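Open the model in your viewer and set the display to cartoon. Keep the selection tool ready. The tour moves from one chain to the other, then to the places where they meet.

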Amino acid sequence: MLALAAVIVGVILSVFMRLHLAWPGLQFPQMFGGTMKPETYEALLTMHGTLMIFFVLTAAPQGAFGNYFLPIQLGAPDMAFPRLNMLSFWITFLSFACMISAFFVPGGAPISGWTGYAPLSSLGPVTGPGEGLGQTMWLVSIGLFCIATLLGALNFISTTIDMRAPGMTLLRMPLTAWAWFVTAILSLLSFAVLLAAAIMLLLDRLAGTSFFIPAGIVVSGKLQAHSGGSPLLWQHLFWFFGHPEVYITILPAMGVTSHILSTFSRKPVFGYRAMVGATCAIGVLGFLLWGHHMFVSGMSPYSAFAFSMATLAIGVPSAIKTFNWLGTLWRGRIHFTTAMLFALGFVSVFVTGGLSGLFLAQPAVDSLLHGTYYVVAHFHLVMSMAAMFGIFAATYLWFPKMFGRMMNETLGKVHFWFTFVGAYLIFVPMHFVGLAGGVRRYADFTAVPYLWSLQPLQRFITWAALVTASVQLLFLWNLFSSLRSGEKAGKNPWRATTLEWITTSPPPHGNFAGEYPRVYRAPYEFSVPRAKDDFVMQSESESV
Amino acid sequence: MSENPRNSHFDSGSDSANGVGLFDTDGFVPQRTYVTGMMMALAGVLMFFMALVSAYVVRKGMPNSGWTAIPDLPRILWLNTCVLLGSSAALVFARAHFRAEDEAGFRRWWGASTVLGLCFLAGQVAAWRELAAKGFYLATNASSSFFYLFTAAHGLHLAGGIVGLIWVLMRPTRRLTRGTATEVAAMYWHFIDGIWVFLFLILSIER
């Protein structure tokens with residue numbers, strides 16, 4: 001629910017940004033401040049990124065679906081430390097409240113981007129409205145979020161290591177469980193670093209230290225009393241967290257995609273062990289390539305080369321996954337349910353967005369494109385859209401289990417097609433804006449002739465965004481109306497194999513009503529020759 | 001069932017694993033889960049301090065960093081370090097008494113360890129006051145900033161550990177057995193002590 005609230009705010013912010021970009025002089029209703037000032041645009045940009053990345057793409061796949069389904073899929077009554085879990089949730093809630101309040105303090109929300117780059121973020125109100133109390137609250141909120149995520153992560157890891165049902169070996173875990181497990185390890189190792197960096201930045205702001213502020217900075221003609229810090233140090237610490245964060249958002253979506261593709265093509269996952277290996281490889285490599293976010297920040301070409309190679313290398317496990325997804329689909333009996341459509345959509349946008357990553361991984365090309373909409377298009381497709389498709393797929397798949405009722409498939413399919421086509425209509429033209437030199441983060445292109453000539457394309461993107469955003473109302477309607485009037489779902493509406501489908505929908509307290517399962521087989525045994533059905537559940541013991 | 005909970009020493013029975021696989025009907029988790037959880041927590045703590053230390057190393061090694069070391073670190077830090085190591089040693093004795101089922105001995109040494117931990121914190125505050133008296137504050141220069149940051153971050157973690165030690169001594173535990181509680185608390189305590197030795201080495205050698 002928290003993530004749902006965050007995603008709604010996040011989408012509204014992006015819609016306002018798009019409206020402003022398309023029609024810079026547009027009068028918004030008075031309560032939103034009339035014509036948008038550049039600093040307001042930057043504040044929206046910052047808060048859109050922050051809310052989406054932390055409170056939606058990090059919180060929803062792991063905090064919502066992972067917490068709910070990891071223990072069930074492993075055959076456990078609950079997460080290892082339920083009270084710690086509760087604490088983690090409430091700290092996240094506090095963090096969210098703190099972040100939203102940043103809108104309502106004097107000066108408003110911060111303007112330094114979701115990356116909070118110093119020294120813009122570290123000097124206080126002199127660098128702009130929102131850089132006063134707003135930025136401080138942003139940092140406190142991020143610090144709290146780090147703590148909540150760390151508590152959650154250690155819970156996930158302990159649960160996976162120690163709470164598996166008898167017979168549930170590591171290589172019998174569903175790929176969703178593998179994804180949550182590796183994601184939790186990434187969270188544990190990376191959010192600790194962000195916490196340290198956030199504390200240092202907070203000290204720079206509040207206690208007069210100079211960790212990230214260089215000497216001799218002049219703002220508005222006034223020399224700032226700081227000495228010798230390094231803005232690059234912030235960037236290194238931030239991206240050491242920030243790149244694993246990308247995989248924290250995408251790995252659970254990959255897991256649920258594998259899960260769904262197998263279930264709805266009625267075939268075992270092609271290359272299960274390779275999938276596990278690729279997940280782990282992405283986890284390891286994800287820590288070695290943060291520097292590709294900093295090619296244009298001033299970096300030795302030798303380091304840039306190393307980061308570039310590591311970045312290209314992560315294409316290998318990603319490609320392994322993609323081939324295995326296609327292999328899973330190959331000659332399967334495909335059921336085009338909404339969950340399946342979103343999983344297929346995930347593969348599509350992940351590949352499309354990933355391809356532009358190969359270009360950006362070259363430092364020489366990146367130095368041209370880094371400040372443009374090309375990068376915006378790239379990460380929105382490969383990370384944001386892909387992760388959102390994963391969240392939608394998971395919702396359509398598990399809603400019957402969580403609430404005991406089915407979602408409306410017709411509405412779901414309409415939702416899918418508009419979202420899928422919409423995603424491409426928004427982000428493909430954005431690549432062209434970027435290639436034509438359209439700079440990102442600018443609030444207004446009116447005064448720059450070559451940018452103004454791209455305006456028709458920008459308006460097209462805005463229209464596409466408006467339609468796509470409106471279609472999400474259909475999803476909300478489907479979600480809430482199905483809660484009351486959806487068709488009743490049995491234990492196993494999708495005829496799937498993993499442990500969440502042996503318990504009632506919704507599961508009782510303790511998940512299995514005291515009768516904990518024992519596991520006898522691999523997670524995706526579909527279409528087993530000579531079996532009485534086209535699927536065999538993990539807990540089925542009779543030999544087939 | 002191969003997964004047996006760790007033996008409990010003073011109390012027994014609350015972690016039975018009979019009948020239904022890993023969990024009893026109340027859903028108690030196996031005791032080793034707490035050990036795993038603590039190991040994961042410590043991995044996070046380690047990353048946190050590594051981030052601070054790497055920032056220190058980078059900041060100090062920057063060209064034209066204008067790095068000026070604090071002339072001489074407060075001597076009391078050596079004493080504090082000894083006190084903290086003593087505290088760890090006391091905890092080892094306490095657990096030995098615990099294993100020998102000597103409740104009085106256990107409480108005595110465990111209490112001693114806690115008190116030594118508090119002494120360490122008091123000593124760290126004394127070190128701060130000494131530095132402040134010499135005119136080195138948090139924002140004076142980079143090395144003093146890092147000094148206060150390291151000691152404060154470590155002090156907070158240690159204070160959390162003291163709360164844990166007192167909790168083990170005072171409160172009966174429900175979900176985890178006393179044996180697990182002492183083990184987990186000791187893991188944390190020794191680890192945070194080790195972190196201090198590492199930070200102190202960095203602060204005194206890499207000045």
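What pattern does chain B follow, read along the sequence? Colour chain B by secondary structure and trace it from the N terminus: the pattern is α-α-α-α-α. Keep in mind that this is a predicted model.

**Stop 1: chain B**

Select chain B alone. It has five helices and zero strands. Of its 207 residues, 37% count as buried. Now consider contacts in chain B between residues at least 6 apart in sequence: 74% of them join residues at least 24 apart.

**Stop 2: a helix pair in chain B**

Select residues 76–99 of chain B, which form helix α2, and residues 178–205, which form helix α5. Their axes come within 10 Å and cross at roughly 160°. Angles over 145 degrees count as roughly antiparallel, and α2(B) and α5(B) are therefore roughly antiparallel to each other. The crossing of α2(B) and α5(B) is left-handed.

Show side chains at this contact. On α2(B), pick out residues including L77(B), L84(B), L91(B), R95(B) and F98(B). On α5(B), the residues to display include W189(B), H190(B), D193(B), W196(B) and F200(B). Colour the whole contact by class: 10 nonpolar, five polar and two charged residues.

**Stop 3: chain A as a whole**

Hide chain B and show chain A. Chain A has 15 helices and four strands. Its radius of gyration is 24 Å, close to the 24 Å that the globule rule gives for 544 residues, so chain A is as compact as a globular protein of that length. Along the principal axes, its C-alpha atoms fill a box of roughly 80 × 45 × 45 Å.

Of the 544 residues of chain A, 55% count as buried. Among chain A contacts between residues at least 6 apart in sequence, 80% join residues at least 24 apart.

**Stop 4: E245 in helix α6**

Go to E245(A), in helix α6 of chain A. Is E245(A) buried or exposed? A residue needs 20 or more C-beta neighbours within 10 Å to be buried. E245(A) has 25 C-beta neighbours inside 10 Å, so it counts as buried.

Which residues does E245(A) touch, leaving out those up to four places away in sequence? Select I53(A) and S190(A). Then draw a distance from the C-alpha atom of E245(A) to that of D78(A). The two residues are 167 residues apart along the chain, and these atoms are separated by 26 Å.

**Stop 5: a second helix pair, in chain A**

Stay with α6(A) and add helix α9, residues 315–329 of chain A. The two helices pack at an angle of about 15°, with their axes 9 Å apart. Angles under 35 degrees count as roughly parallel, and α6(A) and α9(A) are therefore roughly parallel to each other. Their crossing is left-handed.

Show the side chains. M254(A), T257(A), S258(A), L261(A), S262(A) and S265(A) of α6(A) meet K321(A), W325(A), T328(A) and L329(A) of α9(A). By class, this contact has four nonpolar, five polar and one charged residue.

**Stop 6: backbone details in chain A**

Switch to sticks. Most residues other than glycine have a negative phi, and most peptide bonds are trans. Here are some exceptions.

- P119(A) sits in the loop between α3 and α4 of chain A. The peptide bond from A118(A) to P119(A) is cis, with omega near 0°.
- P506(A) lies in the loop between α15 and β3 of chain A. The peptide bond from S505(A) to P506(A) is cis, with omega near -10°.
- R495(A) also lies in the loop between α15 and β3. Phi of R495(A) is near 55°, a positive value. With 15 C-beta neighbours inside 10 Å, R495(A) counts as partly exposed.
- S527(A) is in the loop between β3 and β4 of chain A. Its phi is near 50°, also positive. S527(A) counts as partly exposed, with 15 C-beta neighbours inside 10 Å.

**Stop 7: where the chains meet**

Bring chain B back. How many residues of chain A are in contact with chain B? Select 36 residues on chain A and 32 on chain B. On chain A, the elements that give two or more residues to this side are α4, α5 and α6. Helix α5(A) gives the most, with nine residues. Colour the chain A side by class to finish: 24 nonpolar, nine polar and three charged residues.

Key: Residues are numbered from 1 along each chain as its sequence is written. Chains are lettered from A and ligands numbered from 1 in the order in which they are written. This is a predicted model: local features need pLDDT of at least 70, side-chain atom pairs count only at pLDDT 80 or more; totals for chains, interfaces and linings use all residues. Two residues are in contact if their C-beta atoms, placed from the backbone, lie within 7 Å. Ala, Val, Leu, Ile, Met, Phe, Trp, Tyr, Cys and Pro count as nonpolar, Asp, Glu, Lys and Arg as charged, and the others, Gly among them, as polar. A residue is buried if 20 or more other C-beta atoms lie within 10 Å of its own, exposed if 12 or fewer, and partly exposed in between; C-beta atoms are placed from the backbone. The radius of gyration is taken over C-alpha atoms; the globule rule is 2.2 Å times the number of residues to the power 0.38. Axes are lines fitted to C-alpha atoms, for helices over the stretch in contact, and angles run from 0 to 180 degrees between N-to-C directions. Angles under 35 degrees count as roughly parallel, over 145 as roughly antiparallel, 65 to 115 as roughly perpendicular and the rest as oblique. A crossing is left-handed if the near helix is turned anticlockwise from the far one by less than a right angle, and right-handed if clockwise.
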